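Colleague: Please take a close look at the cysteines here and tell me what the model says about disulfides. After that, go on to the surroundings, as far as they help.

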Amino acid sequence: MKVLGIETSCDETGVAVYDTEAGLLSHRLHSQIELHAEYGGVVPELASRDHIRRLPLLIRQTLASAALEVGDIDGVAYTAGPGLAGALLVGASVAESFGLAADIPVLPVHHLEGHLLSPLLSADPPAFPFIALLVSGGHTQLMRVAGVGDYTLLGESLDDAAGEAFDKTAKLLGLGYPGGPQLARLAEQGQAGRFRLPRPMLHSHDLDFSFSGLKTAVLNVVSSEAWQPRDAADLAADFQQAVVEVLCAKALAAMKAAGLKTLVVAGGVGANRALRLQLDAATAKRGWRVHYPEPELCTDNGAMIAFAGGLRFAAGERPAQVPAVRVKPRWPLMELRPPQVA
Amino acid sequence: MNVLSLETSCEQASIALLCGQDVRSVSLEGHSNHSERILQSIASLLADAGIRARDLSAVAFGCGPGAFTGLRLACGVAQGIALGAGIGVLPIDSLAALALQGGEGKVLAATDARMEEVYFAGFQVRGSRVSPLFEARCVPAAALELMEGEWLGIGSAFRAYPDVLQGRLGERFRGIDADKVPRAEEVARLAAPRVLGGECVSPEEAALLYVRDKVAYTTAERLARGGKA
């Protein structure tokens with residue numbers, strides 16, 4: 001079954017075709033980073049405008065690059081939430097009406113389920129069950145994943161997401177947009193250990209996180225009289241190390257508590273080199289495995305949506321309702337259920 | 001010729017199906033329900049006419065100006081149907097569709113753009129033809145200027161800002177109809193001759209007429225206004 005996947009939840013327009021037998025056939029991505037850069041953050045209205053301008057061409061190019069015609073597509077999957085309402089509506093209107101006109105089934109997909117399952121698209125996919133660490137600009141969650149749609153939340157951030165803390169701290173250090181990756185690059189040039197930053201909730205004896213205090217600690221350093229801008233790289237390194245240390249410790253604690261030896265890392269922060277190095281080292285020492293999505297699938301993309309939709313279609317799930325353009329800007333992942341066979 | 005048309009630029013949205021000379025239309029009631037109901041309504045309209053999406057010649061849609069999210073709903077649905085059915089789309093000026101309801105003569109179509117502003121454009125209506133006299137603009141209601149002539153004023157702007165518009169420009173109007181909104185029926189009627197004339201575009205070329213294009217301040221502009229980065 002060939003599934004067309006459409007992702008428009010934030011600032012990337014992604015389209016892909018996943019074949020439940022042959023795997024990923026093609027995927028295309030248009031990033032809006034440059035569009036939002038001069039605004040210092042994503043402007044929702046501009047994001048929606050760009051999605052609708054790009055999406056139809058991206059669909060055509062994605063089909064063409066796999067030498068497919070509209071008639072070859074057997075189903076459509078699109079991100080119905082969570083995300084920016086206006087941006088989600090673009091994907092939902094195009095996807096649902098495409099399905100209606102082509103007379104094929106359309107499934108709404110949860111954006112985070114897409115991220116969570118994306119490491120399964122890699123050459124060496126993990127097997128269920130596993131622990132998932134979902135780290136992005138919007139989320140920091142630890143979950144036990146027993147199968148598609150079978151997720152148990154073990155812990156999450158009580159305030160800022162890890163990626164959000166990176167972005168806000170980058171702003172404090174006067175870095176450009178998007179701040180997170182720039183902060184990570186600056187940290188590579190610095191030496192950690194000079195600034196005493198807290199390790200929030202490291203010893204809280206649960207699997208929750210908190211990152212807003214860490215950002216405040218950085219603010220205190222840069223506001224002090226002793227602050228020298230040339231120390232920014234060292235401060236960035238200390239900040240990154242604090243975040244990585246907490247993420248790593250909690251992920252390992254979750255694996256230990258669940259008795260699972262497989263960890264899956266998904267979401268934009270999963271591309272962070274320092275996080276990967278530390279997780280790789282810590283798991284290797286115990287004989288455990290950690291899986292990441294392919295680097296090009298760490299950001300938002302259509303492939304993960306086509307894939308998650310494909311898994312649900314393959315399990316027999318079909319759209320439950322009459323066709324409608326319906327989005328869920330707030331949609332807790334824990335509301336998901338395993339594929340419902342029609 | 002079968003043309004499906006969508007008009008969701010304001011609170012009262014509608015869809016229509018033109019088959020030959022016959023137009024059947026359905027209104028989508030309630031602002032929040034447009035997106036919930038539009039596809040079902042399209043499916044029933046097609047089923048009632050005994051045709052499928054691939055039997056359509058084109059999908060026309062009101063491309064604005066109007067509520068941004070509403071414009072994108074019509075555009076996105078038009079694009080999706082066109083891609084799925086392998087047909088073209090035709091964006092139609094929502095204010096021209098509104099003006100066609102005004103009858104013969106000079107028509108000023110003006111809708112409420114919120115924030116004390118109006119979207120407006122002037123048209124010459126002759127039978128089923130609507131020719132623009134000046135293109136759509138967005139200005140404060142209190143700053144709307146109108147060229148000489150006898151105009152029919154039509155649209156929600158006259159309900160939202162009656163005193164401002166009629167107080168300043170009252171003598172220019174031969175009549176006011178504040179209750180009309182852009183409708184899919186007129187979108188279809190304006191589209192039909194253009195579909196025949198081969199003016200459809202591919203879905204990726206379907207552009208929206210937002211008119212209001214300044215929607216956010218850049219970091220530099222915020223700083224210049226004394227704000228934070």
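Modeller: The sulfur of A:Cys248 lies 16 Å from the closest cysteine sulfur, which belongs to A:Cys298, and that is too far for a bond. This is a predicted model, and a disulfide is counted when two cysteine sulfur atoms are within 2.5 Å. B:Cys10 is a similar case: the closest cysteine sulfur, in B:Cys63, is 14 Å away, so no bond can be assigned there either. Over all chains, the structure holds zero disulfides.

As for its setting, A:Cys248 has a relative accessibility of 3% and therefore counts as buried. A:Cys248 belongs to a nonpolar core of 49 residues, which also includes A:Leu133, A:Phe166 and A:Phe211. That core is separate from the largest one, which has 94 residues. In the largest core, the residues that touch the most other members are B:Leu6, B:Ile38, B:Ile42 and B:Phe61. Helix H2 of chain B, residues 68–85, gives the most to this core, with eleven residues.

B:Ile38 shows what such a position looks like. Leaving aside neighbours within four places in sequence, B:Ile38 is in contact with B:Leu6, B:Thr8, B:Ile15, B:Leu28, B:Leu73 and B:Val77, and also with A:Val325 from the other chain.

That last contact leads to the interface. There, 36 residues of chain B are in contact with 32 residues of chain A. The two chains bury about 2,800 Å² between them, and 62% of this is on carbon and sulfur atoms. On the chain B side, B:Leu39, B:Arg72 and B:Leu83 supply 24% of the area buried against chain A, more than any other three residues.

The backbone of chain A has some points to check by eye. Helix H2 of chain A covers residues 44–65, 22 residues in total, and reaches 30 Å from its first C-alpha to its last, close to the 32 Å expected at 1.5 Å a residue. The same helix has a kink of about 35 degrees at A:Arg54, shortly before the proline A:Pro56. After the helix comes A:Ala67, whose phi is positive, near 55 degrees.

Most residues other than glycine have a negative phi, and most peptide bonds are trans. Two prolines of chain A follow cis bonds. The bond from A:Gly81 to A:Pro82 is cis, with omega near -15 degrees, and A:Pro82 sits in the loop between strand E4 (75–81) and helix H3 (85–102). The bond from A:Tyr177 to A:Pro178 is also cis, with omega near -5 degrees; A:Pro178 is in the loop between helix H5 (162–172) and helix H6 (179–188) of chain A.

Positive phi values turn up in loops of both chains. A:His205 has phi near 60 degrees and is placed in the loop between H6 and helix H7 (212–223) of chain A. With a relative accessibility of 80%, A:His205 counts as exposed. In chain B, phi of B:Val211 is near 65 degrees, and B:Val211 is found in the loop between helix H6 (184–196) and helix H7 (219–224). B:Val211 is partly exposed, at a relative accessible area of 23%.

To return to your request: the model holds zero disulfides, and A:Cys248 is a buried residue within the core of 49 residues.

Terms used:
Residues are numbered from 1 along each chain as its sequence is written. Chains are lettered from A and ligands numbered from 1 in the order in which they are written. This is a predicted model: local features need pLDDT of at least 70, side-chain atom pairs count only at pLDDT 80 or more; totals for chains, interfaces and linings use all residues. Side-chain values use heavy atoms; hydrogens and water are left out. Helices (H or I, at least four residues) and strands (E, at least two) are DSSP runs, numbered from the N terminus. The expected span of a helix is 1.5 Å times one less than its number of residues. The bend at a residue is the angle between axes fitted to the seven residues ending there and the seven starting there. A nonpolar core is a set of buried Ala, Val, Leu, Ile, Met, Phe, Trp, Tyr and Cys residues joined through side-chain atoms within 4.5 Å. Buried means under 20% relative accessible area, exposed over 50%, partly exposed in between (1.4 Å probe, protein chains only). Contact means heavy atoms within 4.5 Å. Buried area is the accessible area (1.4 Å probe) that two parts lose on being put together, summed over both.
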